[in-house]
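Trainee: Could you take me through one part of this model slowly? I'd like a close look at the salt bridges and whatever sits around them.

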Amino acid sequence: MTGHRKWIGFLTALLASSSAFAQTPSGEGEGSGGAQSASATAGEWRAYPNERHVIARLQGGAAFRLYDPFSAGALAPWWIHGQAGFLFLNVGKLRMGPTLGGQLGLDLGHSGLQGTIQPGWALMFRPSPRWAILGRVDFSVAFVKTNVFANDLCVYNRPTRPIEPCRESNMVPARLAYGTGTAVALGFEAGGTFAYFLTGGFALTAEVNTGFYFGDSGTTAPLLGVGIGALFDYELLP
């Protein structure tokens with residue numbers, strides 16, 4: 001078997017024949033090691049006491065500004081969001097654990113690309129083999145383009161452009177942008193997701209989320225977003 005066929009076979013096995021896919025609507029079969037599962041009725045997704053989940057998701061969407069203090073417009077930049085997580089804490093049939101994600105804002109007309117690092121916490125409730133509900137709360141560290149200002153500039157009679165050499169007679173107070181740089185904006189996001197599983201470990205997703213970001217002046221910019229994407233869930237049975 002050639003190398004590329006081996007990779008195709010491996011990916012097919014992960015998507016269609018993962019340990020999650022091995023579960024049946026009636027709950028037949030046991031996890032590895034002979035572990036006993038919790039009781040499940042017909043059509044219900046069987047939950048194991050010590051199961052773990054490795055999840056990965058990719059989605060894209062749009063956001064709308066609920067408050068626009070800088071007159072940037074109602075539509076916020078389009079975004080692409082990726083996230084991976086390890087759900088190891090089980091509370092009943094609720095699975096939860098830490099995540100690490102990243103987001104790319106596509107503000108091509110003004111600020112350019114905006115990158116965000118997002119450590120967070122996710123939870124998943126899967127009552128059926130076909131669908132699940134997920135939630136996430138992320139702490140966001142965004143890197144955005146900003147203007148760089150100087151409090152004192154050397155200018156020709158009026159604050160229009162800096163000159164060299166700088167003499168005290170030419171110094172005037174000014175708030176002039178003389179370049180651009182990168183600023184850090186802190187915030188958080190929370191989202192709720194509906195996932196429809198095409199196989200036991202692969203689902204299509206739709207999410208509604210909200211976010212709050214704080215500028216360097218303390219101004220809050222709340223957002224409401226919607227997104228669609230895909231989710232991969234690999235279940236580690238006890």
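Mentor: Sure, salt bridges it is: the structure holds seven of them, each being a side-chain nitrogen of Lys or Arg within 4 Å of a carboxyl oxygen of Asp or Glu. Bear in mind that this is a predicted model, where local features need pLDDT of at least 70 and side-chain atom pairs count only at pLDDT 80 or more, while totals for chains, interfaces and linings use all residues. Residues are numbered from 1 along each chain as its sequence is written, and side-chain values use heavy atoms, with hydrogens and water left out.

Let's begin with Arg126. Its salt bridge partner is Asp233, with 3.5 Å between the closest N and O atoms. That links distant parts of the chain: Asp233 belongs to strand 9 (residues 220-236), whereas Arg126 is in the loop between strand 5 (112-125) and strand 6 (131-154), and the two are 107 residues apart. Strands here are DSSP runs of E, at least two residues, and helices are runs of H or I, at least four, numbered from the N terminus. Asp233 is buried at a relative accessible area of 0%, and Arg126 counts as buried at 5%. (Buried means under 20% relative accessible area, exposed over 50%, partly exposed in between, with a 1.4 Å probe and protein chains only.)

Arg126 also lies over the face of Trp45, at 3.9 Å from the ring centre, and over the face of Phe197, at 3.5 Å from the ring centre. The test for that is NZ of Lys or CZ of Arg within 6 Å of the ring centre and within 35 degrees of the ring normal.

Next, Arg136. Glu189 forms a salt bridge with Arg136, and their closest N and O atoms are 3.3 Å apart. Glu189 is in strand 7 (residues 171-197) and Arg136 in strand 6, 53 residues apart, so to speak of distant parts of the chain being linked fits this pair too. Both Glu189 and Arg136 are buried. Arg136 has a salt bridge with Glu207 as well, at 3.0 Å from N to O. Glu207 sits in strand 8 (residues 202-214), 71 residues away from Arg136, and Glu207 is buried. Through shared partners, salt bridges join Arg57, Arg136, Asp138, Glu189 and Glu207 into one network.

His81, in strand 2 (residues 78-87), is a handy neighbour to look at. Its relative accessible area is 0%, so His81 is buried. Leaving out residues up to four places away in sequence, His81 touches several residues, among them Arg57, Arg136 and Asp138; touching means heavy atoms within 4.5 Å. The side chains of His81 and Gln118 are joined by a polar contact of 3.5 Å. (That's a pair of N or O atoms within 3.5 Å; within protein, one must be able to donate a hydrogen and the other to accept it, and residues adjacent in sequence count only if both atoms are side-chain atoms.)

Finally, back to Phe197, the ring under Arg126. Phe197 is one of 10 residues in the largest nonpolar core, alongside others including Ile55, Met124 and Leu134. Such a core is a set of buried Ala, Val, Leu, Ile, Met, Phe, Trp, Tyr and Cys residues joined through side-chain atoms within 4.5 Å. Strand 5, strand 6 and strand 7 each give two or more residues to this core.
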